[in-house]
Structure formats: structure tokens, C-alpha cells
Amino acid sequence: MRTELTPDLAEELIGRGFESPDLDYKQDFDDSTEAWMELAKDVFGMSNFGGGYVVFGVKDGTFEPVGLDESFQKDTQDWIDRISKWITGRVAVSYLEHVTKIGGVNRKFPILHIHGSVGSLVVPKVDGRYVTRSGSDKIAFRQGVIYTRRGTSTVSVTGEEFWHLF
């Protein structure tokens with residue numbers, strides 16, 4: 001897959017219509033601790049897997065492009081700072097806020113390009129604990145666990161997979 005994040009690539013990713021180890025869709029992003037930690041786990045896995053893309057504004061399951069409100073705004077450093085505070089190693093990302101019309105209305109599709117880790121793995125240095133809206137405790141990721149992508153899921157690495165990361 002190409003690596004430079006351009007408007008043409010954004011349109012291709014938005015319209016692809018299926019997830020893969022290097023492409024994950026999220027319908028929205030609400031800035032909650034839960035959203036950040038669940039996204040961070042996917043970023044850790046993609047980074048260790050060799051890279052990939054997270055596209056916001058596409059329904060998971062149906063892959064219908066719906067976009068986010070045009071007022072949504074982050075910059076590359078926002079993403080890096082929030083995700084990096086939980087890891088050893090370094091996460092490299094590129095970011096594009098792509099705007100296109102959906103049903104005659106401008107909608108924003110934030111797209112993160114997660115670059116593959118080089119020279120070291122991305123490993124959580126803390127447990128990613130949060131409280132869900134319903135009040136239950138959940139752990140998005142565990143300290144010291146190495147994550148990767150298997151199919152369309154972010155999972156902990158098995159012993160055999162570990163050696164393939166190098």
C-alpha cells in the first residue's frame with residue numbers, strides 16, 4: 001500500500017468497503033479516555049505489524065461513509081502526545097483531515113497513517129484501564145504486552161508471531 005497520505009489515497013481508503021490488517025474503520029471519536037485507549041491499542045498493534053491506517057467516519061460492519069462534523073479538529077501532535085504517554089518506544093504517525101460531500105453535506109474524515117515501528121517494538125508501559133459509561137472497569141491494553149494485527153483485530157502477540165515482528 002502507498003504510504004504518502006494524500007486526498008486521493010483518503011478517497012480510496014474511505015471507499016474501500018472492507019477492513020484488513022492494515023486498515024481499521026471507526027465510526028466516530030468522542031475524546032473520552034475509553035476512545036483514546038481503545039484507539040491506542042490499535043495504533044500499538046499496527047505499528048508493530050508494520051503500519052496501517054485508521055479512518056474515522058466509516059461505520060464498522062456496513063462500511064458506510066458517514067463522516068464526522070466539520071468542526072472536528074486535531075493535529076498530528078495531539079494524536080502522538082495522547083497515544084505515546086502509555087508506551088515505551090516511539091509511535092510515528094501522519095494525519096490528514098479529509099473533507100468530502102456525503103449526501104450533499106461536507107463531512108470530515110480524519111485519517112491516521114500509523115508508520116511501522118523501526119528498531120524497537122511499541123509496548124505499553126502501563127495498563128490501559130478506564131471506566132465505561134455504564135460504570136464497569138475495562139482494560140484496553142496491558143503493561144508489557146506486545147500487540148499486533150491478526151486479520152482485522154488487534155491482539156497480543158503469540159510466541160511464534162513475536163519472531164515475525166523482526
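In which helix is the place of Val-43? Select Val-43 and the answer is helix H2. The model on screen is predicted.

**Stop 1: Val-43**

Keep Val-43 selected and colour by accessibility. Val-43 has a relative accessibility of 0%, so it counts as buried, the cut-off being under 20%. Now show its contacts, leaving aside neighbours within four places in sequence: Ile-83, Val-91 and Ile-114 appear. Add Thr-148 to the selection. Thr-148 is 105 residues from Val-43 along the chain, yet their C-alpha atoms are separated by 9.1 Å.

**Stop 2: H2 against H3**

Widen the selection to H2, residues 33–49, and add helix H3, residues 76–84. The axes of H2 and H3 come within 10 Å and cross at roughly 90 degrees. Angles of 65 to 115 degrees count as roughly perpendicular, and H2 and H3 are therefore roughly perpendicular to each other. To see the contact, display the side chains of Trp-36, Leu-39, Ala-40, Val-43 and Phe-44 on H2. On H3, display Asp-78, Trp-79, Arg-82 and Ile-83. By class, the residues of this contact are seven nonpolar and two charged, with no polar ones.

**Stop 3: the largest nonpolar core**

Which residues touch the most other members of the largest nonpolar core? They are Leu-39, Trp-79 and Leu-112, in a core of 28 residues. At least two residues of this core come from each of H2, strand S2 (51–56), H3, strand S4 (93–102) and strand S5 (105–115). H2 gives the most, with eight residues.

Centre the view on Trp-79. Apart from neighbours within four places in sequence, Trp-79 is in contact with Phe-29, Trp-36, Leu-39, Phe-56, Phe-72, Lys-74, Tyr-95 and Leu-112. Then move to another core, which lies apart from the largest one and has 13 residues. To find this second core, select Leu-9, Leu-13, Leu-23 and Ile-111, which are among its members.

**Stop 4: Gln-27**

Is Gln-27 buried, partly exposed or exposed? Gln-27 has a relative accessibility of 38% and therefore counts as partly exposed. Gln-27 lies in the loop between strand S1 (23–26) and H2. Leaving aside neighbours within four places in sequence, select its contacts: Gly-57, Val-58, Lys-59, Val-66 and Leu-68. For a last distance, pick Gln-27 and Leu-5, which are 22 residues apart in sequence and 20 Å apart in space, C-alpha to C-alpha.

Notes. Residues are numbered from 1 along each chain as its sequence is written. This is a predicted model: local features need pLDDT of at least 70, side-chain atom pairs count only at pLDDT 80 or more; totals for chains, interfaces and linings use all residues. Side-chain values use heavy atoms; hydrogens and water are left out. Axes are lines fitted to C-alpha atoms, for helices over the stretch in contact, and angles run from 0 to 180 degrees between N-to-C directions. Helices (H or I, at least four residues) and strands (E, at least two) are DSSP runs, numbered from the N terminus. Angles under 35 degrees count as roughly parallel, over 145 as roughly antiparallel, 65 to 115 as roughly perpendicular and the rest as oblique. Contact means heavy atoms within 4.5 Å. Ala, Val, Leu, Ile, Met, Phe, Trp, Tyr, Cys and Pro count as nonpolar, Asp, Glu, Lys and Arg as charged, and the others, Gly among them, as polar. A nonpolar core is a set of buried Ala, Val, Leu, Ile, Met, Phe, Trp, Tyr and Cys residues joined through side-chain atoms within 4.5 Å. Buried means under 20% relative accessible area, exposed over 50%, partly exposed in between (1.4 Å probe, protein chains only).
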